Amino acid sequence: MTTYASDLLTTLTTRGYVHQMTDAAGLDALAARQVVPGYIGFDPTAPSLHVGSLVQIMLLRRLQQTGHKPIVLMGGGTGKIGDPSFKDEARKLATDDTIRSNIASIKRIFERFLTFGDGPTDAVMLDNAEWLDRLEYIPFLREIGQHFSVNRMLGFDSVKLRLDREQSLSFLEFNYMILQGYDFRELSRRAGCRLQMGGSDQWGNIVNGIDLTRRMDGTDIFGLTTPLITTADGGKMGKTMSGAVWLHEDQLPHFDYWQFWRNTDDRDVGRFLRLFTDLPLDEIARLEALQGAEINAAKIVLANEATAMCRGRAAAEDAAETARRTFQEGAAGASLPRFVVTGSTIGVVDALIGLGFCASKGEARRLIGGGGARVDGEKVGDETFVITLGDAPAKLSAGKKNHGLIVREQHP
């Protein structure tokens with residue numbers, strides 16, 4: 001592994017964040033002698049980001065931890081288009097009100113990972129609608145468009161993928177990479193930004209911004225991408241049977257978030273501890289060396305630390321206690337996900353769907369047929385089984401790892 005002079009690149013490489021850099025030596029020298037403002041863009045397509053964005057959030061956290069300035073760029077402008085990178089089809093266009101609401105909601109997440117303020121290394125959140133919404137089309141084409149080669153743009157993997165599959169790529173989406181390149185130049189001029197970071201799928205967009213800024217302003221700026229984070233079994237990070245692992249508690253209970261990390265594959269524990277916690281590397285080395293059943297202790301540490309960072313220490317401790325009671329004592333912990341039923345009965349198939357353990361009735365029936373559904377610890381042998389509710393909730397389990405409560409609605 002290359003030895004770097006800056007704490008920034010030393011930290012990012014030893015913890016596994018780096019896939020590509022445009023000029024490692026230049027960035028290392030800059031980071032060793034001054035504060036480097038660096039940004040990552042996020043499109044506000046929902047009220048919350050999910051675990052798939054967590055590497056990028058942690059990248060900004062590492063930037064700040066090593067003495068540099070994070071810039072969180074919300075795509076209030078580009079979000080009206082949608083990034084076409086490696087998408088099969090165009091996103092639905094959101095309204096201005098929805099975008100504004102999503103940005104306000106997402107900021108709450110970043111405030112848990114970063115320190116915001118007016119200091120030299122304090123994080124700031126900017127919105128590219130501030131400059132993109134004011135653009136005049138013809139002047140923009142004349143000033144910016146001349147620096148982009150259509151031949152080169154057609155060669156980017158994000159575009160080629162759609163074209164090779166003969167899937168429609170609108171002119172609106174095709175403009176996205178020009179606007180993102182323009183963002184980098186604007187941030188360089190407005191905020192002294194010298195570094196753009198992102199996932200490996202953003203490489204082409206980042207390089208475009210660097211080329212544009214150097215041509216127009218003569219400024220040396222840099223790019224860094226992270227590897228695609230997949231699980232040991234080849235799956236995409238954060239994709240589960242029950243859907244996205246949201247960072248907001250409004251969209252995913254604390255226990256489910258904690259349990260996602262607790263269910264990490266043995267082979268991923270060390271890597272995820274380096275990426276998603278602040279634990280020292282020597283402690284991580286000790287934990288990932290655990291063998292057999294002892295690796296479960298490392299998974300609990302991962303779940304506790306990752307949950308505490310995103311949801312708060314109290315939420316992590318509550319989820320851990322719920323897990324201990326659920327799995328070790330067979331009790332129904334208070335933090336388990338709940339599905340409230342208006343009547344006194346519900347079919348087990350509907351209950352499995354209501355808790356999010358199954359996406360369809362067919363999936364629920366297969367789970368029951370395979371012996372994977374239990375109510376209050378007793379195996380359900382028939383898909384027509386009806387859960388009868390009293391004052392106490394019923395505990396419904398899907399497999400060994402998913403547990404929830406079916407609760408009868410209480411009337412005043």
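## Reading helices, sheets and loops

Mentor: Let's start with helix α3: eleven of its twelve residues are buried, so the rest of the structure largely encloses this helix. Buried means under 20% relative accessible area, exposed over 50%, and partly exposed in between (1.4 Å probe, protein chains only). Helices (H or I, at least four residues) and strands (E, at least two) are DSSP runs, numbered from the N terminus.

Trainee: What should I know about the model before I go on?

Mentor: This is a predicted model, where local features need pLDDT of at least 70 and side-chain atom pairs count only at pLDDT 80 or more, while totals for chains, interfaces and linings use all residues. Residues are numbered from 1 along each chain as its sequence is written, and side-chain values use heavy atoms, with hydrogens and water left out.

Trainee: Which residues of α3 are buried?

Mentor: Among them are Leu 54, Ile 57, Met 58, Leu 60 and Arg 61. The helix has twelve residues and reaches 16 Å from first C-alpha to last, close to the 16 Å expected at 1.5 Å a residue. That expected span is 1.5 Å times one less than the number of residues. After α3 comes Gly 67, with a positive phi near 90°.

Trainee: How do I read two helices that pack together?

Mentor: Two packed helices are described by the angle between their axes and the distance between the axes. Here, the axes of α3 (residues 54-65) and α4 (residues 96-113) come within 10 Å and cross at roughly 50°. That angle is why α3 counts as oblique to α4. Axes are lines fitted to C-alpha atoms, for helices over the stretch in contact, with angles from 0 to 180 degrees between N-to-C directions. Angles under 35 degrees count as roughly parallel, over 145 as roughly antiparallel, 65 to 115 as roughly perpendicular, and the rest as oblique.

Trainee: Which residues of α3 and α4 meet?

Mentor: Leu 54, Ile 57, Met 58, Leu 60 and Arg 61 of α3 meet Ile 109, Phe 110, Arg 112 and Phe 113 of α4. Contact means heavy atoms within 4.5 Å.

Trainee: At what angle do α13 and α15 pack?

Mentor: Helices α13 (residues 269-276) and α15 (residues 295-311) pack at about 20°, with axes 10 Å apart. They are therefore roughly parallel to each other. Val 269, Phe 272, Leu 273 and Phe 276 in α13 meet several residues of α15, including Ile 295, Leu 302 and Met 309.

Trainee: Now sheets, please! What is the order of the six strands in the open sheet?

Mentor: Strands of a sheet pair through backbone hydrogen bonds, either parallel or antiparallel. The six strands run in the order β1-β6-β5-β2-β3-β4, with mixed pairing. At the edges are β1 (20-21) and β4 (124-127), each pairing on one side only. Helix α2 (residues 24-33) packs on this sheet and touches β1, β5 and β6, its direction making about 105° with that of β6. Helix α10 (residues 176-191) packs on the sheet too, touching β2, β3, β4, β5 and β6, and its direction makes about 145° with that of β2.

Trainee: And how do I look at a single strand, such as β3?

Mentor: In a regular strand the side chains alternate between the two faces of the sheet. In β3, Lys 69, Ile 71 and Leu 73 lie on one side, Pro 70, Val 72 and Met 74 on the other, and all are buried. Strand β2 (residues 37-42) pairs with β3 in the parallel sense over six bridges; two strands pair if DSSP finds at least two bridges between them. Across that pairing, Ile 40 stands opposite Val 72.

Trainee: What is the order of the five strands in the other open sheet?

Mentor: The order is β9-β15-β14-β11-β12, and the pairing is mixed. β9 (338-341) and β12 (378-379) stand at the edges with a single partner strand each, so one side of each has no neighbour in the sheet. β9 pairs with β15 (residues 402-408) in the parallel sense over four bridges, and Arg 338 has Leu 405 as its bridge partner.

Trainee: Last, loops: is Ala 359 buried or exposed?

Mentor: Ala 359 counts as exposed, at 61% relative accessibility. You will find Ala 359 in the loop between α17 (348-354) and α18 (361-369). Try Gln 202 next, in the loop between β5 (195-199) and α11: Gln 202 is buried, with a relative accessible area of 12%.
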